[in-house]
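This report walks through one protein chain, beginning with a single residue and moving outward to the parts that surround it. Please keep the sequence and the structure in view while reading.

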Amino acid sequence: MTEAESVVMAALWRRGPLSFADLIDEVRRGSAWGDATIKTLLNRLMKKGAVRSVKAEGRQRYHPALSRDAYVTAEVDALLARLFGGDPAALAEHLRARATPA
């Protein structure tokens with residue numbers, strides 16, 4: 001998931017499920033993106049299976065199909081693999097070193 005896509009997901013995790021109009025309003029609280037940009041990001045997320053659309057009361061509502069916890073876990077796992085050779089202890093040591101005042 002790209003950083004831009006994660007902004008749309010964050011809106012759904014905060015307030016979802018949302019209609020398209022409500023999703024636009026929620027995303028615009030933190031960005032100046034236009035409708036077309038948000039729609040493009042939403043379509044990408046739907047193709048990736050991270051968002052699903054359900055018709056309710058005559059309106060499409062968008063739901064996160066991926067939990068925030070699952071997303072964070074996947075991102076941390078990727079970070080571990082890329083920067084720390086998959087070693088959680090190495091990440092923990094890095095964080096401890098940063099938290100200790102110099």
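Val 51 is buried, since its relative accessible area is 4%, and this residue has its place in strand β2. The model in which this is seen is a predicted one, and that should be kept in mind throughout. Leaving aside neighbours within four places in sequence, Val 51 is in contact with Met 9, Leu 12, Leu 42, Leu 45, Met 46, Tyr 62, His 63 and Ala 65. One of these partners, Met 9, is 42 residues away from Val 51 in sequence, yet the two C-alpha atoms are 8.0 Å apart in space.

**The nonpolar core**

Val 51 also belongs to a wider group, for the largest nonpolar core has 15 residues, and Val 51 is listed with Val 8, Leu 12, Leu 23, Val 27 and Leu 45 among those with the most contacts inside this core. Three helices, α1 (3-15), α2 (20-28) and α3 (35-48), each supply at least two of the core residues. Val 8 gives an example of how the core is joined, because Val 8 touches Leu 23, Val 27, Leu 41 and Leu 45 when residues up to four places away in sequence are not counted. In soluble globular proteins, nonpolar side chains tend to be buried together.

**His 63 and a cis peptide bond**

Among the partners of Val 51 is His 63, a residue of strand β3 that is buried, with a relative accessible area of 17%. When residues up to four places away in sequence are not counted, His 63 touches Pro 17, Ala 50, Val 51, Arg 52 and Val 54. Pro 17, in turn, is found in the loop between α1 and β1 (18-19), and the peptide bond that leads from Gly 16 to Pro 17 is cis, with omega near -5°. A second backbone feature appears at Glu 57, which has a positive phi of about 55° although it is not a glycine. Glu 57 lies in the loop between β2 (51-56) and β3 (59-64), and this residue is exposed, with a relative accessible area of 83%. Both features deserve a careful look, because most residues other than glycine have a negative phi, and most peptide bonds are trans.

**An aromatic pair**

How many aromatic pairs does a search of the whole structure find? The search finds 1, and this pair is formed by Trp 13 and Tyr 71, which are tilted, with 5.5 Å from centre to centre and 40° between the planes. The pair links distant parts of the chain, with Trp 13 in helix α1 and Tyr 71 in helix α4 (residues 68-84), 58 residues apart.

The table gathers the accessibility of several residues discussed here.

| Residue | Relative accessible area | Class |
|---|---|---|
| Val 51 | 4% | buried |
| Tyr 71 | 15% | buried |
| His 63 | 17% | buried |
| Trp 13 | 22% | partly exposed |
| Glu 57 | 83% | exposed |

**Helices α4 and α5**

The axes of α4 and helix α5 (residues 88-99) come within 9 Å and cross at roughly 90°. Angles of 65 to 115 degrees count as roughly perpendicular, and α4 and α5 are therefore roughly perpendicular to each other. In this contact, Val 76, Leu 79, Leu 80 and Phe 84 of α4 meet Pro 88, Ala 90, Leu 91 and His 94 of α5, and the residues involved divide into 7 nonpolar, 1 polar and no charged.

Definitions and conventions
Residues are numbered from 1 along each chain as its sequence is written. This is a predicted model: local features need pLDDT of at least 70, side-chain atom pairs count only at pLDDT 80 or more; totals for chains, interfaces and linings use all residues. Side-chain values use heavy atoms; hydrogens and water are left out. A nonpolar core is a set of buried Ala, Val, Leu, Ile, Met, Phe, Trp, Tyr and Cys residues joined through side-chain atoms within 4.5 Å. Buried means under 20% relative accessible area, exposed over 50%, partly exposed in between (1.4 Å probe, protein chains only). Helices (H or I, at least four residues) and strands (E, at least two) are DSSP runs, numbered from the N terminus. Contact means heavy atoms within 4.5 Å. Rings of Phe, Tyr and Trp (its six-membered ring) pair if their centres lie within 6.5 Å; planes under 30 degrees apart count as stacked, over 60 as edge-to-face and the rest as tilted. Axes are lines fitted to C-alpha atoms, for helices over the stretch in contact, and angles run from 0 to 180 degrees between N-to-C directions. Angles under 35 degrees count as roughly parallel, over 145 as roughly antiparallel, 65 to 115 as roughly perpendicular and the rest as oblique. Ala, Val, Leu, Ile, Met, Phe, Trp, Tyr, Cys and Pro count as nonpolar, Asp, Glu, Lys and Arg as charged, and the others, Gly among them, as polar.
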